[in-house]
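User: I would like to learn how to read a ligand site and a small sheet in a structure like this one. Could you take me through them in turn?

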Amino acid sequence: MAHDSDSLPFLVFGAPHIGEAEIDEALACLRSGWLGTGPRVAQFEQDFAVFRGVKATQVAAVNSCTAALHVSMLAAGIEAGSEVITTPLTFCATVNAILHAGLVPVLADVDPQTQNIDPDAIEAAITPRTRAILPVHFAGRPCAMDRIMALARKHDLVVIEDCAHAVEAQFNGLPLGTFGDFGCFSFYVTKNVATGEGGMIVGRSDEQIARSKVLALHGMSKDAWHRFGDQGYKHYQVVECGFKYNMMDLQAAIGLHQLARVEESWLRRDAIWKRYDAGFAQLPIGLPSPAEAGTRHGRHLYTVMIDNDRCGISRDGFLDAMNAAKIGTGVHYLSVPEHPYYQQRFGWRPEQWPHAMKLGRETVSLPLSPALSDADVTRVIDTVHGILVGK
Ligand SMILES: *Cc1c(COP(=O)(O)O)cnc(C)c1O
């Protein structure tokens, strides 16, 4: 192997790139005495609205994408017990949020090429009880929003986009999260814009966003900034039974500067992506397919497929070998029906969604953080070669 890994640091998967501006702003926030939801969250919402090209009344900051998904399904007013169609190749939070909203998840298999939910599979899964589609823009690759929106119009369905991977992605020149009724974003540490924990809801309707804000803070009619701010104490009313999903100013302090660098970070990840594409072209591993015409890929996850027969090593053997070389990897994702909870509750078996099952058993995510140096990228490429060549 080209590198002596004993002297090298462990390359943490998904390490965020935190700049001095984030550190200074977080310190200023701590020193201000206002840590909770306040002026920095309001500024972050405004900046995000400008970034998405929507009005400030169309965004609501929350403390996770999971919260964003949950609250948007409630604010959409979907009747309890209705079916929501989503992908089996996603993080468990997508499906759990459907359950928390009192709705019934229905899985539709992915297209093996794009790894995104297949519109034909969505159509086949529609029943008289279907009320919503929840597409996930997997790895940053936009779903076929033209076909999904056409299905939604035809069957009168709500669309909630899980944009956790796709903050910079576009479909036909328009930003993701603005096609459906709602777009839900994540600012978890490993995501493209990181605040540690955090999320954002983008919505078509001002009323539904206003309701989302109430639901995200105990069901209270006014948030704490408006109660304890410099305008004097204001009484609030509890108008429904909400949740504790508000974002802190301390999180927004980080997000403000992460968002300001979103394009720079994307360009860095795009450059790493191209080096991986070139560096792995001769290897017997499956690579991400090129971005579809008319789309901009969010470059969130670089996933390779390790097929035991072609590679001479199992996926899990490959993960172990990467770890031994001190390179952190991820698995996005074992398909949802591989997990015992869903098997027991719904009787799901992975074989029912064969494309997601096969992808989930072969996939490996390689480091793709803007924090990686050119030497780090070389090290990843050389290590993958070292593991596979001669097998
Ligand atoms: C990370 C992620 C979520 C959850 O985001 P949190 O902000 O951690 O709640 C939801 N869906 C997908 C596809 C994700 O990757």
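Analyst: What follows looks at the ligand and its shell, and then at a sheet, in what is a predicted model.

User: Which residues come closest to the ligand, and how many surround it?

Analyst: One begins with the residues that have a heavy atom within 4 Å of the ligand. Here 16 residues surround the ligand, and the closest are Thr66, Asp162, His165, Ser186 and Lys191. By class, this shell has 7 nonpolar, 7 polar and 2 charged residues, while α3 (65–75) and α4 (92–100) each supply at least two of its residues.

User: Which side chains place a polar atom by an oxygen atom of the ligand?

Analyst: For such a pair the cut-off is 3.5 Å between N or O atoms. Polar side-chain atoms of His165 and of Ser186 each lie 2.7 Å from an oxygen atom of the ligand, and a polar side-chain atom of Lys191 lies 3.0 Å from an oxygen atom of the ligand. The protein, for its part, covers 94% of the 380 Å² of accessible area that the ligand has on its own.

User: Turning to the sheet, in what order do its strands run, and which are the edge strands?

Analyst: Pairing between strands requires at least two bridges. In this model an open sheet of 3 strands has the order β7-β6-β10 with antiparallel pairing, and β7 (174–175) and β10 (295–296) are the edge strands, each pairing on one side only. Strand β6 (residues 170–171) is joined to β7 by 2 bridges, the two running antiparallel, and Phe171 stands opposite Leu174 in β7.

Terms used: Residues numbered from 1 in each chain as written. Predicted model: local features only at pLDDT ≥ 70, side-chain atom pairs only at ≥ 80, totals over all residues. Heavy atoms only, no water. Polar contact = N/O pair within 3.5 Å; in protein donor to acceptor, adjacent residues only side chain to side chain. Areas by Shrake-Rupley, 256 points an atom, 1.4 Å probe, with all protein chains shown as cover. Helix = DSSP H or I, 4+ residues; strand = E, 2+ residues; numbered from the N terminus. Nonpolar A, V, L, I, M, F, W, Y, C, P; charged D, E, K, R; others polar.
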